[in-house]
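Got your viewer open? Let's walk through this model one selection at a time.

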Amino acid sequence: MKTFVIVGGVAGGATAAARLRRLDETINIIIIERENYISYANCGLPYYIGETIKEWDNLFVQNKESFGKRFNIDVKINHEAMFIDRENKIIKVKDLKNNKIFDLRYDKLLLSPGAEPLKPNIPGIENKNIFTLRNPLDTLSIKNFIKSKNVKKALIVGAGFIGLEVAENLYNLGIKVSIVELSPQVMPAIDFDVAIELHQHLKSKGVEFYLNDQVIGFESKESIIGAKLLSGRKIYSDMVVLSIGVKPENKLAKDASLALGKKGGILVNEFLQTSDPDIYAVGDVIEGYNYLLEKNTVIPLAGPANKQARIAAENMLYGNNRKYKGSIGVSIAKVFDLTVATAGLTEKICKTENISYEKVLIHSSSHAGYYPGALPLTLKLIFKKENGKILGAQLVGYDGVDKRIDVISAMIQKEGTIFDLVEFEHAYAPPYSSAKDPINIAGYIAENIFNNNLKMIYIEDFIKLDRKEIFLIDVRTKEEFDIGTIEGAINIPVDDLRNCLNQVPKDKKIILFCGVGLRGYIAYRILIKHGYSEVFNLMGGYKTYQYFIQKQSNEDIFENDFIGIDDNIYQLDKSKFLKDLKNYPIYDEKNESFNINKDEFNVIAEIDACGLNCPGPILKLKKEFSKIENNGVVLIKATDPGFKKDIFAWAKLSGNTILDIKENKGVIYAKIMKGNYKSIKKDKESNIDYSNVDNSNDFKKIENKNKVIEENIVIKNDSATIIVFSNDMDKVLASFVLALGAISAGKKVTMFFTFWGLTVIRKKNKIKTKKDFMSKMFAKKLPSNLNKLKLSKMNLFGLGPLFMKIRMKQKNVDFIDNMMKEALENGVNIVACQMSMDVMGISKEELLDDVEIGGVATYMEKASESNINLFI
Ligand code: FAD
């Protein structure tokens, strides 16, 4: 009887064994597996850690007994294959329970020992708080450690598929997660312009991650482990999970002198046969053929391992009669609420392999925008310049990523072209897709590029351009332009372009952009048909631009370069919490509502703007606001990720207030009040319950969200700070004129009143306070309130101010007190300098109610945010 021995009893090994038996009842099949388990679901291990998969037994498709019985296979678990004696066709096996070594004779041998996690040779790597995740034993170790050590913070080293899956699952257990990644992006298997969406998503989830950095050593400190990074940063945590990649487990093959490839994988031919005709190999251990690259490469994925195993089994049994075509590398992963997938070649690979390519990047929706629940979806397509053959695709989105990647993968495998994408016929009904599926749209654009009907410029090239050399046109609407645009752009909405051609120079390179690229394309065709030649449309439009120019990690939120075990990722000053809390009602996550009284905020309308791209949601909101009274509140939900930033910018520009904003599975929920919240908050304050603030995390969450969101808003020149030192009437008047001018230009204004300026913000009615001698002196000599201010020049023995008031009335200029009222109503932040109050003996009670008290630090913080700083 012939004996078939298989090393490794999981994806490749177990599949091959079952196939062999299904094909032949006469042979002897033996599986050697080092672990205590066979046929387990490695891919499910992270989800068991995070408790999405709750039952341990569900991770096992088969066990030694059931598998052995069903397929009549001798399954030797806890046995390790030690050495292959090729000459005598013997494999030496160690029984790990008793350390006894014995020989097994084989006729055919299949190697499917998989790949082992990489462990860098750096100081402290043997620390017991460091884990890798490959098999059930690792899973149990991690799970037990988390439980027994009450893990609060974990460091993930490496942000590939496994690293991010583990990060998400630990996060779901309530563990604070930090990630360190060597490359400038997470998920190095995809391109940067796709990964940038993951960065913003991770930021929105509050995951701390460091890019372009590397762990160079570990040190232990009692039960805690410290990771030293190349940047000099130190991160302390309870545990570390290393996920920096895998390498083929090639020891057996190497010792047996089987041919290995450049990456250490076993070289196999098209029949999955190694350099020894009686030994076959499959799975993560091989360097198999990639027919897009036309060379062997390592593709450590479960799908190829299973398919190879089926083919190898047949070839071992019947002789080499079935070829393995090779694999292109298709993978998918869940990264919190997003799904990211890739098939075939990326742009990065094309560059390193010198393959000429063209690319398309589109922002689309999971299904028809008018049907509820449409969510954003980004698709990047790589195709061959010469013949339009599809080389690869990447997708990121909340829904519908899996089906699109599989369709394009199938097309690549059938050597499809971009013209096939144009013609691709899909099942369409509004809940599932659009009449033009994103796959078709990518095909249309690719075809236009291929036929020279469209010249595109890519974001990475665009940002390098000298803006003086180009003429940049934002063809979106004025509303969109006002909310935010690319610096240097002029606004000619596409519908006005034909009438504005005289504004567009013929001797300059013209770059057009719109929201995502479609209107840019229409504008492109208009210009081309009117005789312009050097015209380019920005690929992915303003949306890609915004993703691209944002900070790609959130590391700069963490000011310390020492991140301790107890450091809250977004640890904020408590007094700042309390201060800012007054501007944001608390969102109650459990009840999915705000803990504000509906009557108090007068909720008027709910808008569903899901599926609409910018400026759709804003326009809907604007329309609703035009119908309602001040202080009315509108709830809006939208799926355009840009909405999160746009709404802040729009609210600032239009003087409305964002009460809260939250995101859940790609849907952004915002609660927005018409008018300025600060102006009414005083009257309403008593209705809001702040009693649980000290122990509440809710505010932190809102604060974090706003911090993350606000830091991403690209608003130019948005703040002005005015120090009012003087109490001369004319100078104070000038300062309010400037403040009101700045606020109407959409800037955030802080007026910092110090020394003599403090008298301007005193209450009109005299407040009795206890004063020492010096304070009484100051109080006597200084004007008691703003109505008593004098002019700096031409005071005319006290008549100057009166003349000035008459003149102001003649010229319709408001008096200072009206100006101050207007300034406060419009959100000017009036701050009194604590230090000068102390010096001058002025107490808080003597100042107007709307005045905030702040120190020099407050001023410095505001000043550093401002691009206009005036001293009056
Ligand atoms: P494995 O399935 O790893 O099996 C190899 C077995 O051989 C191991 O059990 C090992 O103990 C045993 N072995 C090794 N050497 C010896 C020896 N000398 N003697 C005896 N036994 C030995 N892929 C995807 O496509 N999608 C995913 O979502 C995905 N998620 C993953 C998540 C995790 C946490 C991990 C670890 C992997 C994931 N993978 C995923 C990769 C996928 O699991 C592998 O590509 C696939 O299992 C490879 O199959 P294989 O048979 O080559 O190796």
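Before we click on anything, one term: two strands count as paired when DSSP finds at least two bridges between them. Keep in mind too that this is a predicted model.

**Stop 1: a parallel sheet**

With that term in hand, select strands 27 to 31. These five strands make an open sheet in the order 27-31-30-28-29, and the pairing is parallel. Look at the edges next: strand 27 (456-457) and strand 29 (490-491) each pair on one side only. Now pick out strand 28 (residues 470-474) and strand 30 (residues 509-513), which are joined in the parallel sense by five bridges. Show Ile473 and look across to strand 30, where Leu512 stands opposite.

**Stop 2: an antiparallel sheet**

Move on to strands 22 to 26. Here, too, five strands form an open sheet, in the order 22-23-26-25-24, with antiparallel pairing. Why do strand 22 (330-335) and strand 24 (357-365) each have a side without a neighbour in the sheet? Both stand at the edges with a single partner strand, so one side of each stays free of a neighbour. If you line up the view along the sheet, neighbouring strands are turned against each other by 10° on average, ignoring direction.

Zoom in on one edge. Strand 22 runs antiparallel to strand 23 (residues 338-344), and six bridges join the two. Label Val330 and you'll find Ala343 of strand 23 opposite.

**Stop 3: the ligand**

Select the ligand and everything around it. You should get 30 surrounding residues, and the closest are Gly12, Glu33, Tyr40, Ser112 and Asp284. Sort that shell by class and you have 16 nonpolar, seven polar and seven charged residues.

Now for some distances:

- Asp284: an N or O atom of the side chain is 2.7 Å from an oxygen atom of the ligand.
- Arg34: a backbone N or O atom lies 3.1 Å from a ligand nitrogen atom.
- Asn42: a side-chain N or O atom sits 3.5 Å from an oxygen atom of the ligand.

Switch on a surface if you like: of the 990 Å² of accessible area that the ligand has on its own, the protein covers 90%. Which elements give two or more residues to the shell? Colour helix 1 (11-23), strand 4 (79-85) and helix 8 (302-318) to see them. Strand 4 gives the most, with three residues.

**Stop 4: a pair of rings**

Finally, show the aromatic side chains. The structure holds 15 aromatic pairs, and one to look at is Tyr37 with Trp56. Their ring centres are 6.0 Å apart and the planes meet at 80°, so this pair is edge-to-face. Trace the chain from one to the other: Tyr37 is in the loop between strand 2 (28-32) and helix 2 (45-49), while Trp56 is in the loop between helix 2 and helix 3 (64-71). The pair links distant parts of the chain, 19 residues apart.

Conventions:
Residues numbered from 1 in each chain as written. Predicted model: local features only at pLDDT ≥ 70, side-chain atom pairs only at ≥ 80, totals over all residues. Heavy atoms only, no water. Near = heavy atom within 4 Å. Polar contact = N/O pair within 3.5 Å; in protein donor to acceptor, adjacent residues only side chain to side chain. Areas by Shrake-Rupley, 256 points an atom, 1.4 Å probe, with all protein chains shown as cover. Helix = DSSP H or I, 4+ residues; strand = E, 2+ residues; numbered from the N terminus. Nonpolar A, V, L, I, M, F, W, Y, C, P; charged D, E, K, R; others polar. Axes fitted to C-alpha atoms, helices over the stretch in contact; angles between N-to-C directions. Phe/Tyr/Trp six-rings, centres within 6.5 Å; stacked < 30°, edge-to-face > 60°.
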